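Reader: Could you walk me through this model, one question at a time? I would like to see the reasoning behind each answer.

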Amino acid sequence: MNIEEKCRNLLNEEKYDECKKIIEIEMAKRPDSPIPQNLLGLLEERRFDKEKAIRHYRASYSLDPTYAPAIWNLERLGTGNVCKKCAYTEKDCK
């Protein structure tokens with residue numbers, strides 16, 4: 001199971017601290033990857049901190065402007081379209 005699916009499961013189970021630890025480990029291993037920043041954005045959204053979530057999505061986007069989940073999540077929060085599902089992976093961006 002990849003980190004995105006692990007985090008999806010942990011967030012669905014409301015295991016926020018455990019999820020954050022996994023993301024931090026991944027970020028230390030791959031500091032140039034947009035994935036951990038996007039996942040931190042999803043975590044902050046679950047914690048109802050929209051401003052922090054947007055900061056992490058922007059950081060993800062700045063690391064890779066072609067990373068679809070960051071673009072999707074920024075657009076979703078920016079337009080207020082809460083009906084759109086969160087994007088953990090590129091498959092979610094449909």
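Author: Happily, and let us start with a loop residue. Arg47 touches Tyr16, Asp17 and Lys20, leaving aside residues up to four places away in sequence. Please keep in mind that this is a predicted model.

Reader: Thanks! Where does Arg47 lie?

Author: Its contacts Tyr16, Asp17 and Lys20 are counted without residues up to four places away in sequence. As for its own place, Arg47 lies in the loop between α3 and α4.

Reader: Is Arg47 buried, partly exposed or exposed?

Author: Buried would need a relative accessible area under 20%, and exposed one over 50%. Arg47 has 29%, so this residue counts as partly exposed.

Reader: How far apart in space are the C-alpha atoms of Arg47 and Tyr57?

Author: Along the chain, Arg47 and Tyr57 are ten residues apart. Between their C-alpha atoms, the separation is 15 Å.

Reader: And Asn9, is that residue buried, partly exposed or exposed?

Author: Asn9 has its place in helix α1. The limits are under 20% for buried and over 50% for exposed. With a relative accessible area of 32%, Asn9 is therefore partly exposed.

Reader: What is the C-alpha to C-alpha distance between Asn9 and Glu44?

Author: In sequence, Asn9 and Glu44 are 35 residues apart. In space, their C-alpha to C-alpha distance is 15 Å.

Reader: Now the interior: which helix supplies the largest share of the largest nonpolar core?

Author: This core has 19 residues, and Cys7, Leu11, Cys19, Ile23, Leu39 and Leu42 have the most contacts inside it. Each of α1, α2, α3, α4 and α5 supplies at least two of the core residues. The largest share, five residues, comes from α3.

Reader: Which residues does Cys7 touch, not counting those up to four places away in sequence?

Author: Cys7 is among the residues with the most contacts inside the largest nonpolar core. Beyond four places in sequence, its partners are Cys19, Ile23, Leu39 and Tyr88.

Reader: Why does the radius of gyration agree with a compact globule?

Author: The chain has five helices and zero strands, and its C-alpha trace spans about 30 × 25 × 25 Å along the principal axes. For 94 residues, a compact globule would have a radius of gyration near 12 Å, so the chain agrees with its own value of 12 Å.

Reader: Last one: how far apart are the centres of the positive and negative side chains?

Author: The chain carries 18 positive and 17 negative side chains. The centres of these two sets lie apart by 2 Å.

Methods. Residues are numbered from 1 along each chain as its sequence is written. This is a predicted model: local features need pLDDT of at least 70, side-chain atom pairs count only at pLDDT 80 or more; totals for chains, interfaces and linings use all residues. Side-chain values use heavy atoms; hydrogens and water are left out. A nonpolar core is a set of buried Ala, Val, Leu, Ile, Met, Phe, Trp, Tyr and Cys residues joined through side-chain atoms within 4.5 Å. Buried means under 20% relative accessible area, exposed over 50%, partly exposed in between (1.4 Å probe, protein chains only). Helices (H or I, at least four residues) and strands (E, at least two) are DSSP runs, numbered from the N terminus. Contact means heavy atoms within 4.5 Å. The radius of gyration is taken over C-alpha atoms; the globule rule is 2.2 Å times the number of residues to the power 0.38. Lys and Arg count as positive and Asp and Glu as negative; His and the chain ends are not counted. The place of a charge is taken as NZ of Lys, CZ of Arg, CG of Asp or CD of Glu.
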